[in-house]
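Fresh page in the notebook today. I jot down here what I looked up, one topic per entry.

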Amino acid sequence: MPFPNGSELRPSFVLAALPGPEGAQAWVAALLCGAYVVALAGNGAVLLVVRLEPGLHAPMYLFLCMLAAIDLALSTSTVPRVLSFYWFGTREIGFGACLLQMFLIHALSAVESTVLLAMAVDRYVAICHPLRHAAVLTNAATARIGLAAIARGVLFFLPLPLLLLPLPFCGSRALSHSFCLHQDVMNLACANTTPSVVYGLTAILLVMGLDAILICLSYLLILKAVLRLAAWKERLKVFSTCIAHICVVLAFYVPLIGLSVVHRFGRDLAPLVHITMGNIYILVPAVLNPIIYGVRTKQIQRRILSLI
């Protein structure tokens with residue numbers, strides 16, 4: 001499909017693979033496949049358990065289901081394509097497929113960030129205003145929050161591929177990750193990318209950046225309320241209800257910040273660092289989230305054991 005000026009063809013991009021001999025790459029593929037299977041099984045189990053257990057039809061567990069669905073969608077949009085070039089050598093990805101994958105990664109990440117913020121607000125209301133919790137966070141309100149999170153992710157990140165669509169790509173086609181990210185694709189364009197740079201940075205700050213600030217604010221208010229309790233046992237008991245959510249927040253934001261730092265300051269780093277950070281960003285939350293909540297939530301533990 002020609003560009004508007006007719007002088008260039010829309011390119012296919014070459015996905016990055018971990019350097020090394022064929023035997024080492026086979027082990028990498030096996031490790032990625034194992035992590036993907038764990039993510040599928042763990043998040044699928046969370047969805048099934050909450051669906052079958054009426055006692056878990058509460059806002060906190062509905063938010064957990066949203067996280068599980070997002071992690072399934074995010075990992076499925078990337079990992080099978082990564083495994084295909086390790087197993088079959090198909091490292092090229094078409095222009096349209098690359099832009100679609102890029103949109104899904106960024107939009108789903110924005111949705112996950114919004115859901116994590118909603119879970120922080122849920123913990124704040126439950127601890128600081130327990131008598132109002134049932135009235136404020138109903139199941140209907142939780143569903144509306146989920147729809148708003150999806151709309152927010154789509155509206156903020158749909159312009160990213162649209163801004164890249166008319167740009168010419170006349171130089172290198174090699175990406176620095178095993179999947180398509182906005183900044184990675186944008187750097188290959190041989191044209192002015194200032195609008196894409198400005199909009200991409202603005203979108204990330206207004207979504208992930210703002211969410212991180214509000215999550216921190218929620219926990220400052222929670223900590224303030226917990227410290228008002230007289231007994232240390234009561235403080236630990238109340239705050240322990242937030243441990244799982246804090247771990248999930250760290251599992252999402254630490255790889256995100258690490259990937260951003262590598263993109264911004266690590267252009268001279270070895271390809272191994274870029275590829276590894278990208279895979280961590282995609283797979284670590286999907287693998288850890290169901291494990292964290294499975295360990296911390298007795299209802300989920302009991303139901304999974306009964307299913308087994």
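**Entry 1: the first disulfide.** Is the link of Cys98 and Cys180 left-handed or right-handed? I read -120° about the S-S bond, and that makes the link left-handed. A note to self: the model is a predicted one. The sulfur atoms of Cys98 and Cys180 are 2.0 Å apart. I then checked where the two ends sit: Cys98 belongs to helix 4, while Cys180 is in the loop between helix 7 and helix 8, and 82 residues separate them in sequence. Cys98 comes out buried, at a relative accessible area of 0%, and Cys180 is buried with 0% too.

**Entry 2: the other disulfide.** My search of the whole structure gave 2 disulfides. Besides the pair above, Cys170 is joined to Cys190, with an S to S distance of 1.9 Å. Here the loop between helix 7 and helix 8 supplies Cys170, and the loop between helix 8 and helix 9 supplies Cys190, 20 residues apart. I noted Cys170 as partly exposed, with a relative accessible area of 44%; Cys190 is partly exposed as well, at 31%. With the bonded cysteines numbered in sequence order, I get the pairing 1-3, 2-4.

**Entry 3: a cysteine left over.** Why does Cys247 have no bond to Cys242? The closest cysteine sulfur to that of Cys247 is the one in Cys242, and at 11 Å it is too far for a bond. Cys247 counts as partly exposed, with 33% relative accessibility. I also looked up Cys33, which is partly exposed at 23%.

**Entry 4: salt bridges.** I count 3 salt bridges in the structure. As a reminder, side chains of opposite charge can pair when their charged atoms come close.

- Arg173 pairs with Glu92, and their closest N and O atoms are 3.6 Å apart. Arg173 lies in the loop between helix 7 (159-164) and helix 8 (182-186) and Glu92 in strand 2 (residues 92-93), so this bridge ties together parts 81 residues apart in sequence. Both ends are partly exposed: Arg173 has a relative accessible area of 32% and Glu92 has 44%.
- Asp211 and Arg152 meet through their side chains at 2.9 Å, N to O. Asp211 is in helix 9 (residues 194-227) and Arg152 in helix 6 (residues 139-157), so I logged this as a link between distant parts of the chain, 59 residues apart. Asp211 and Arg152 are both buried.
- Arg123 bridges to Asp122, with 3.1 Å between the closest N and O atoms. I found Arg123 and Asp122 buried.

**Entry 5: the nonpolar core.** Which residues have the most contacts inside the largest nonpolar core? They are Phe13, Val115 and Leu116, in a core of 83 residues. Helix 4 (residues 95-128) gives the most to this core, contributing 17 residues. I followed Phe13 further, setting aside its neighbours within four places in sequence: its contacts include Cys98, Arg173 and Glu92, and also Phe95, Phe169 and Leu188. That brings me back to Cys98 of the first disulfide and to the bridge of Arg173 and Glu92.

**Entry 6: the record.** The unreviewed UniProt entry annotates residues 42-293 as "domain: G-protein coupled receptors family 1 profile". I looked at that span in the model: 79% of it is helix and 1% strand, and its end C-alpha atoms lie 10 Å apart.

Key
Residues numbered from 1 in each chain as written. Predicted model: local features only at pLDDT ≥ 70, side-chain atom pairs only at ≥ 80, totals over all residues. Heavy atoms only, no water. UniProt positions renumbered as here; feature names shortened; annotations may be inferred. Helix = DSSP H or I, 4+ residues; strand = E, 2+ residues; numbered from the N terminus. Core = buried A, V, L, I, M, F, W, Y, C linked by side-chain atoms within 4.5 Å. Buried < 20%, exposed > 50% of the residue type's maximum accessible area, 1.4 Å probe, protein only. Contact = heavy atoms within 4.5 Å. Salt bridge = Lys/Arg side-chain N within 4 Å of Asp/Glu carboxyl O. Disulfide = S-S within 2.5 Å.
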